[in-house]
Amino acid sequence: MLQNEVRNVGLIVNGGIPFSFSLVSPRWAGLAVGMYFAGFGLVGGLFPVVFPQPQLITPEIGVWVSAIAFVFAGICVASSRTPSEEL
């Protein structure tokens, strides 16, 4: 079961790289990927600070936080522009 979860997370993480490339011109592709991985590093560093005892997070809280994050991510994707739409 853990193997499936790790595989699914890998698909999500790796799927964001082409998406970040599609949002910027080739000149800024390195910056886009750097910011993408910096975000993961930031979350990895702040998670233990924000949630010092993650075992206390109930499934209900996890569902609600995940739903909020999903809506927020959807809004970000919907509002993003491709390089051809630049001003």
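This passage looks at the confidence, the largest pocket and a nonpolar surface patch of a predicted model.

Confidence comes first. The protein chain averages a pLDDT of 77, and 76% of the residues score at least 70. That confidence isn't spread evenly over the elements: helix 3 has the highest mean pLDDT, at 87, while helix 1 (residues 2-22) sits at the other end with the lowest, 63. Where pLDDT is low, the predicted coordinates shouldn't be read in detail.

Next up is the largest pocket, which holds about 270 Å³ of space. Its lining is made up of Phe 19, Leu 23, Ala 69, Phe 70, Phe 72, Ala 73, Cys 76, Val 77 and Ser 80. Helix 3, spanning residues 59-79, supplies the largest share of that lining, with 6 residues. In character, the lining comes out as 8 nonpolar residues and 1 polar one, with no charged residues. So the helix that gives most to the pocket lining is also the element with the highest mean pLDDT, going by the DSSP runs used to define the elements.

Then there's the outside of the protein. Leu 42, Leu 46, Phe 47, Val 49, Val 50, Phe 51, Ile 57, Ile 61 and Val 65 make a nonpolar surface patch of about 800 Å². Two elements, helix 2 (29-50) and helix 3, each give two or more residues to this patch. Helix 2 gives the most, with 5 residues, whereas Val 65 is one of the patch residues found in helix 3. Helix 3 thus turns up in both places, in the lining of the largest pocket and in the nonpolar patch.

Conventions: Residues numbered from 1 in each chain as written. Predicted model: local features only at pLDDT ≥ 70, side-chain atom pairs only at ≥ 80, totals over all residues. Heavy atoms only, no water. 1 Å grid on protein atoms, 1.4 Å probe; cavity = no way out; pocket = protein on both sides within 12 Å on 5 of 7 lines; lining within 4 Å. Points joined across faces, edges and corners; volume = space filled by probe spheres on them. Helix = DSSP H or I, 4+ residues; strand = E, 2+ residues; numbered from the N terminus. Nonpolar A, V, L, I, M, F, W, Y, C, P; charged D, E, K, R; others polar. Patch = residues over 30% accessible without salt bridge, like charges linked within 9 Å, V, L, I, M, F, W, Y side chains within 5 Å. Areas by Shrake-Rupley, 256 points an atom, 1.4 Å probe, with all protein chains shown as cover. Salt bridge = Lys/Arg side-chain N within 4 Å of Asp/Glu carboxyl O. pLDDT = per-residue confidence, 0-100.
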